[in-house]
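Colleague: Could you take me through the model on the screen? I would like to know how the sheet and the interior are put together.

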Amino acid sequence: MRIATYARVSTEEQAQHGTSLDAQTRVCRERAMQIGATTVVAFADAGVSGTVLERPGLQALLAASAAGEIDAVVCLDPDRLARNLAHQLILTDRLESRGVELHFVQFDRARTPDGRLLYAIRGAIAEFEAHKIR
């Protein structure tokens, strides 16, 4: 199974307090191996807000998924993928419509009505936090 990891930090403070790109990539790689990775490729964005979609690492990840180069993506938490609920849902749909599974290290995303609701609530909270940070 070809698995991509995705990590993102938007500030130097995040990088210094345990959510560095290296730390995120390491735990995502560990999860990828647990779910059966034969190949792991890392994508990352440093110093880029999760409130925008035009992130170089994210766009490269999406291109790899469109090309059929990956089977799954592992990300630390939904707020590392996006800090905008609409973007989170669009990215999730885009990946899954291409047959790419989406996994999180710090969030167990159930494929049930309750799980979808909780996932959307997490996205709304991430968006709220991003607005408060600004």
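Modeller: Two strands pair if DSSP finds at least two bridges between them. Helices (H or I, at least four residues) and strands (E, at least two) are DSSP runs, numbered from the N terminus. This is a predicted model, in which local features need pLDDT of at least 70, side-chain atom pairs count only at pLDDT 80 or more, and totals for chains, interfaces and linings use all residues. Residues are numbered from 1 along each chain as its sequence is written, and side-chain values use heavy atoms, with hydrogens and water left out.

Colleague: How many bridges join S1 to S2?

Modeller: Strands S1 and S2 run parallel. One bridge partnership links Tyr 6 with Phe 43 in S2. The number of bridges joining S1 to S2 is eight.

Colleague: Which strands stand at the edges of the sheet?

Modeller: The open sheet has four strands in the order S2-S1-S3-S4, with parallel pairing. An edge strand has a single partner strand, so one side of it is left without a neighbour in the sheet. The strands at the edges are S2 (39-46) and S4.

Colleague: At what angle does helix H2 run to S1?

Modeller: Axes are lines fitted to C-alpha atoms, for helices over the stretch in contact (heavy atoms within 4.5 Å). Angles run from 0 to 180 degrees between N-to-C directions. Helix H2 (residues 21-34) lies across S1, S2, S3 and S4, and its angle to S1 is about 155 degrees.

Colleague: Which element gives the largest share of the largest nonpolar core?

Modeller: A nonpolar core is a set of buried Ala, Val, Leu, Ile, Met, Phe, Trp, Tyr and Cys residues joined through side-chain atoms within 4.5 Å; buried means under 20% relative accessible area, exposed over 50%, partly exposed in between (1.4 Å probe, protein chains only). The largest such core has 19 residues, with Tyr 6, Leu 58 and Leu 81 among those with the most contacts inside it. Elements giving two or more residues to this core are strand S1 (2-9), helix H3 (56-66), strand S3 (72-75), helix H5 (85-97) and strand S4 (101-104). The largest share, four residues, comes from H3.

Colleague: Is Thr 92 buried or exposed?

Modeller: Thr 92 lies in helix H5. Not counting residues up to four places away in sequence, Thr 92 touches Leu 102, Arg 109 and Tyr 119. Its relative accessibility is 6%, so Thr 92 counts as buried.

Colleague: What is the relative accessible area of His 87?

Modeller: His 87 also has its place in helix H5. Leaving aside neighbours within four places in sequence, His 87 is in contact with Thr 51, Val 52, Leu 53 and Ala 82. His 87 is buried, with a relative accessible area of 17%.
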